[in-house]
Amino acid sequence: MTNLYLQEIKSELKLALTKRNHPLKFCVLGTLGSENIPQLRIVGLRKITDDFKFTFYTDKRSAKVTQIQNNPKVNLLFYHPEKKLQIKINGIASIIKDIGILKEQWLNITKRAKKDYTTMFAPGSKIKSPEEITYLKEKNFFCSVEIKTDTIEYLKLREESHFKVHFHQDINGWVSEFLVP
């Protein structure tokens, strides 16, 4: 029975990649910042594999890249408000270094999206006004991050009773157990 929940997670997340305005397209990424202070931000899901590896893109100068390099343990938090479904992913992030993969990903994003990776100054840099943002024509700071899932939590909010299922992998695949929500 719990495999049905794992299938629902997978199908909803894959649907988020193709259906416009799907609520799971964007999620909260949690990393550990300096002084062990958690850092949260929204990222756009770009890819999910059948074995729950997630990919998102970022500027390689961003704080999240440094934080991942210092501590690759991360969280992703998704929420579907209509279905009252929360999906929490714990995993290990890695920065993609393969030039071929990066080139292919770069070619598959829109011209407007490419612009986000060409700012003269790094994300989070202080500026006096938005008009100071300048874009480079011949250089980009595109970066891809992959997260290998360790655990998944499925929380369904229902009027009669909420329920939660925890998934982790062992040598036989995904194992599940119910938790008190």
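# A guided tour: salt bridges, pockets and a nonpolar patch

Start by selecting Glu 12 and Lys 83, whose side chains meet in a salt bridge, with N and O 2.4 Å apart. This pair links distant parts of the chain: Glu 12 is in helix α1 (residues 2-18), while Lys 83 is in the loop between β5 (73-80) and β6 (85-95), and the two are 71 residues apart. Keep in mind as you look around that this is a predicted model.

Is Glu 12 buried or exposed? Glu 12 has a relative accessible area of 6%, so it counts as buried. Its partner Lys 83 counts as partly exposed, at 34% relative accessibility.

**More salt bridges**

The structure holds 6 salt bridges, and you can visit two others here. Select Arg 61 and Asp 59: their side chains meet in a salt bridge of 2.9 Å, N to O. Colour the two by accessibility if your viewer allows. Asp 59 is buried, with a relative accessible area of 4%, whereas Arg 61 is partly exposed at 23%.

Next, select Lys 164 and Glu 153. They form a salt bridge too, and the closest N and O atoms are 3.5 Å apart. Here the link runs between two strands, with Lys 164 in β8 (residues 163-170) and Glu 153 in β7, 11 residues apart. Both Lys 164 and Glu 153 are buried.

**The largest pocket**

Now switch on a surface view and select Tyr 57, Thr 58, Ala 113, Asp 116 and Tyr 117. Of the 28 residues that line the largest pocket, these five lie nearest its centre. Which elements give two or more residues to this lining? They are β2 (38-44), β4 (53-59) and α4. Highlight β4 in its own colour, as it provides the largest share, 4 residues.

The volume of this pocket is about 590 Å³. Try colouring its lining by residue class: you should find 13 nonpolar, 8 polar and 7 charged residues.

**The second largest pocket**

For the next stop, select Arg 46, Lys 47, Thr 55, Tyr 57, Ile 96, Ile 101, Glu 104, Gln 105, Asn 108, Ile 109, Ser 144 and Glu 146, which line the second largest pocket. Its volume is about 290 Å³. You have met Tyr 57 already: it is one of the residues nearest the centre of the largest pocket, and it is also in the lining of the second largest.

Which element gives the largest share of this lining? That is α3, with 3 residues. At least two residues each come from β4, α3 (99-107) and β7. Sorted by class, the lining holds 4 nonpolar, 4 polar and 4 charged residues.

**A nonpolar patch on the surface**

Finish on the outside. Select Met 120, Phe 121, Ile 127, Ile 133 and Tyr 135, which together make a nonpolar surface patch of about 440 Å². Then zoom in on Ile 127. Where does Ile 127 lie? You will find Ile 127 in the loop between α4 (111-115) and β7 (142-156). With a relative accessible area of 35%, Ile 127 is partly exposed. Patches are made of residues with over 30% relative accessible area, so Ile 127, at 35%, is above that cut-off.

Conventions: Residues are numbered from 1 along each chain as its sequence is written. This is a predicted model: local features need pLDDT of at least 70, side-chain atom pairs count only at pLDDT 80 or more; totals for chains, interfaces and linings use all residues. Side-chain values use heavy atoms; hydrogens and water are left out. Patches are made of residues with over 30% relative accessible area and no salt bridge: like charges are joined within 9 Å, nonpolar side chains (Val, Leu, Ile, Met, Phe, Trp, Tyr) within 5 Å. Accessible areas come from the Shrake-Rupley method with a 1.4 Å probe; for residues, only the protein chains shown count as cover. A salt bridge is a side-chain nitrogen of Lys or Arg within 4 Å of a carboxyl oxygen of Asp or Glu. Buried means under 20% relative accessible area, exposed over 50%, partly exposed in between (1.4 Å probe, protein chains only). On a 1 Å grid over the protein atoms alone, a cavity is a set of points where a 1.4 Å probe fits but cannot get out, and a pocket is an open set with protein on both sides within 12 Å along at least five of seven lines; lining residues have an atom within 4 Å of a point. Grid points are joined across faces, edges and corners, and a volume is the space filled by probe spheres set on the points. Ala, Val, Leu, Ile, Met, Phe, Trp, Tyr, Cys and Pro count as nonpolar, Asp, Glu, Lys and Arg as charged, and the others, Gly among them, as polar.
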